[in-house]
Amino acid sequence: MKNFFFSSLRNSLLTLVLLAVLPALGVILYSSLDNRARAIRDAEGEALRVVQFLAREQQLITMRAEQLLFLLSQMPQVKALDGQATSAILRSMKRRSNVFANIVAADAQGNVFASALPLDQPMRLKRGRHFDEALGGGEFTVGDFDFGLPEGSSEPLIRFVYPFHGTGGQALGFLSTALRPDRYEHIFKVSSLPPGSVLSIADQDGTRIFRYPAAEGTSPHGQKLVVDLWNVLSGPSSLGTANVTFADGVKRLVAYTQLRLNPDLPPYLYISVGIPEQQALSRAIDTLHRDLLFLAGAALLAILVAWGVGGIVISRPVERLTGVARRLGGGDLDARSGAPEEFGELALLAKTLDDMAVALSEDISAREEAERELRKNEALLRMIMEALPVGVWMSDKKGRILYANEASRRIWGPAADGAQSLGQGFQAWRHDTGAALHPEEFVLARAIAGQHPPPAQALDVEGANGERKVVRCTAIPIHDEDGNLRAAIVVFEDITERTQREQARDSVEHILRHDLRSPLVGFASLPQLLLHHPNLTDEQRDWLKLLHASAGKMLRMLDAYLKLSCIERGSLALEPVMVDLVSLLHVVREDLVQLPQGKNKHVWVTMDDQPLPPDAKLAVPCEETLCASMLTNLVKNALEASPEGGIVTVDLQNLGETVRIVVRNKGEVPDSIRERFFEKFVTAGKAFGTGVGTYSAKRIAEFHGGSITLDCSVPGQTSVTVLLPRTQSAKAGQ
């Protein structure tokens, strides 16, 4: 039976065009699936980072609430149930911190005898599970969902309760404060999440405490979470992601975390962030539609060309081939024809040409094959250029745009298509100053002028739709074998989202600097004021000194974090002072052994693998706060990885020009993260691990001109080695 698809040259061309489209279609579909998976991973990662940040913020506030209520529970005025004096103290505490809605003190029956906010009438607190647990266990507790303050407001609250006891140990009453969860709205707003994203906070029973944006119609405060979401949040994993359909019918990618007062207790709070799946996949879907549209257009164009070639262009060559065949049959070997092909009506001509000069025919076939390969490579190159996510221009040595891919047209608009001179349609502004950029200062003009390579530029440009974008531009001059300029290539990268994320990070740091650090400074000064009170016992003075030291430690940790952020942006200058590493390690050890990670574990400081001499010292020039943060992170990681009763050894070695610090502990780093041990957000086996401890240690060591390495060559042991130079110019001092 005659094959219809190859029965004529025209049908064969159309068949080959259709077959050529299939691989491109497969590539597009595969790329679409890959883009979809990448978009989901990116969305889950972004939501997870926001959830972890909110969890750390809530844990800090919970610690503050516990410390505040504990301090108040030791006050003799509170234990004496002195309403007037206690109210004065509560008002003073309330003025120093705007985090909590109110602070009240009640007796064991729930009768409020003191409040930071004025009460219009006597009030009795509603007894709940958290009050019973606080009075029965004598411990700090977090309450169930509550809607509104006792004073009559209707805001959702998170309550904290701490009991106070008499001299005989009997429960006299409890102190309570409340947190408005709407304070997290600002953090959520600056997180640059897609429209439709949702922040949800629920208590230990799955009751919704807070939702942003509010949706009283489908997800009111005080109601239970939807079953699918609650099953995910209350599962065995304390941190993770899932795909859940919310009460409003929207399917979202959810990142969640469970908060506990300590690892042995059930969660007291659940925080989740949901990103609409449709929003997360919108870019991947748009890319698929665009690629399919381009493929359909290219296929249609190829079919029309093939049809025209089969109907018009081929007919004339057939007549010419017939004449050439007759000339060859007559002995005219100078006659030329195309390569023989079996195309139906051309079969007789192909057979005649096959009997002729074989060498000439082979040469023609080879040349045509090379031309086909060249066209194929050109088409592949163009397809790659059009698929690139960055914009690409190619210009001649006069600055005229010869080629611009689709990404560059999206960025620049009409200015990217066929400009006859560099200044035609060109309009951009410097991103750092906002000043208009002259065409002669553009990287393309500098590359043409002979600057090699011209420095990259960050510019604000206005696209075809009038939207401002931030673009990073680089130029590459192309020279011939003699060194003469032939062309120039300009690459554009849209960094608008990256710039917005950096601005969001600056906003978060502003929150830390002003909204968290300022109250903490006041909290650190409060114990000093209380120490001047003449009626304090020795035990109370010891507690106040410990509270002052803890607040100071938190301030130092916050300062170290802010300095690390400046290091990441390259905006911090090193101002070293001489610091004794032996004394610094003793302070770090004393701080860490008090933590749960240091329980039943030991930290030994040695020098050259020998016990420290009584007067041992080893000074290096460094920034003391950052160096203390680096050592704290490394020793803390070693303690967490050590078994019960394990020993962490910190060995100091003076190598002359450098100092070597080796932190060793029993236990091994998992194989899966060894290669990425010092990368950001890399962690394993830690319920609340953030993966920034070793990363910050690496950045601090490199900031001081040093280095840090991981050694797992000894089975059952992990060693982290830090090298710090001793030759930096340092201020005289510590």
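Is Phe140 buried or exposed? Here are some friendly notes on the aromatic side chains, with the reminder that this is a predicted model.

1. Phe140 is buried, as its relative accessible area is 5%. Buried here stands for a value under 20%.

2. The model holds 11 aromatic pairs. One of them joins Phe140 to Tyr162: the ring centres are 6.4 Å apart and the planes meet at 40 degrees, which makes the pair tilted. Phe140 sits in the loop between helix H4 (129-137) and strand S3 (141-147), while Tyr162 belongs to strand S4 (residues 156-165), so this contact ties together parts that are 22 residues apart in sequence. Tyr162 counts as buried too, with 12% relative accessibility.

3. Another pair to look at is Phe442 with Phe492, which is stacked, with 6.4 Å from centre to centre and 10 degrees between the planes. Phe442 comes from the loop between strand S13 (428-430) and helix H13 (443-448), and Phe492 from strand S16 (residues 485-494); the pair therefore ties together parts that are 50 residues apart in sequence. Both Phe442 and Phe492 are buried.

4. Back to Phe140 for a moment: ring pairs link this residue with Phe70, Phe100, Phe160 and Tyr162 into a cluster. If you have the structure open, try displaying these side chains together.

5. Finally, two arginines over aromatic rings. Arg252 places its charged end over the ring of Phe246, at 4.8 Å from the ring centre. Arg468 lies over the face of Trp429, and here the distance to the ring centre is 3.7 Å.

How values were computed:
Residues numbered from 1 in each chain as written. Predicted model: local features only at pLDDT ≥ 70, side-chain atom pairs only at ≥ 80, totals over all residues. Heavy atoms only, no water. Phe/Tyr/Trp six-rings, centres within 6.5 Å; stacked < 30°, edge-to-face > 60°. Helix = DSSP H or I, 4+ residues; strand = E, 2+ residues; numbered from the N terminus. Buried < 20%, exposed > 50% of the residue type's maximum accessible area, 1.4 Å probe, protein only. Lys NZ or Arg CZ within 6 Å of the ring centre and 35° of its normal.
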